[in-house]
Amino acid sequence: ELFVQYLATYSYKHGRGKEKNALTYSDLSHTAEECETFQFLADILPKKILASKYLKMLEKEKRDGEVGENDEEDEEEEDEDKTVDEDVGS
């Protein structure tokens with residue numbers, strides 16, 4: 001209870017809570033990112049992002065992953081071609 005109270009109080013004082021007279025999720029997530037004491041909460045309290053931005057990030061990761069996979073497949077095919085050529089030349 002004391003930890004949650006300290007987190008809430010710290011976030012309120014160092015965030016925009018005083019301006020709005022309320023504690024918001026963004027205050028908590030900002031505290032988790034910026035304050036070294038609360039760094040371990042960064043995964044639990046991530047910054048909010050729009051769903052459209054998240055979907056774009058997923059598409060980009062998928063494209064990057066496909067490019068990496070294609071490169072690996074090309075290398076494997078080249079290795080197989082070399083092996084076949086060596087067998088035929090023997």
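So, which residues line the largest pocket? Keep in mind that we're looking at a predicted model here. Going along the chain, the lining is made up of Gly15, Arg16, Thr24, Tyr25, Ser26, Asp27, Ser29, His30, Lys47 and Lys48. If you sort those by class, you get five polar residues, four charged and one nonpolar. As for volume, this pocket comes to about 220 Å³.

Okay, on to the helices. Helix α1 covers residues 2-14 and helix α3 covers residues 25-34. These two pack at an angle of about 100°, and their axes are 9 Å apart. An angle from 65 to 115 degrees counts as roughly perpendicular, so that's what we call α1 relative to α3. Who's touching whom? On the α1 side it's Leu7, Tyr10 and Ser11, and on the α3 side it's Asp27, Leu28 and Thr31. That contact is a mix: three nonpolar residues, two polar and one charged. And yes, you've met Asp27 before, since Asp27 is also in the pocket lining.

Last bit: salt bridges. Searching the whole structure turns up one. The partners are Lys47 and Glu33, with their side chains 3.9 Å apart, N to O. Glu33 sits in helix α3 and Lys47 in the loop between α3 and α4, so this pair ties together parts that are 14 residues apart in sequence. Lys47 is another pocket-lining residue, by the way.

Note on methods:
Residues numbered from 1 in each chain as written. Predicted model: local features only at pLDDT ≥ 70, side-chain atom pairs only at ≥ 80, totals over all residues. Heavy atoms only, no water. Axes fitted to C-alpha atoms, helices over the stretch in contact; angles between N-to-C directions. Helix = DSSP H or I, 4+ residues; strand = E, 2+ residues; numbered from the N terminus. Parallel < 35°, antiparallel > 145°, perpendicular 65-115°, else oblique. Contact = heavy atoms within 4.5 Å. Nonpolar A, V, L, I, M, F, W, Y, C, P; charged D, E, K, R; others polar. 1 Å grid on protein atoms, 1.4 Å probe; cavity = no way out; pocket = protein on both sides within 12 Å on 5 of 7 lines; lining within 4 Å. Points joined across faces, edges and corners; volume = space filled by probe spheres on them. Salt bridge = Lys/Arg side-chain N within 4 Å of Asp/Glu carboxyl O.
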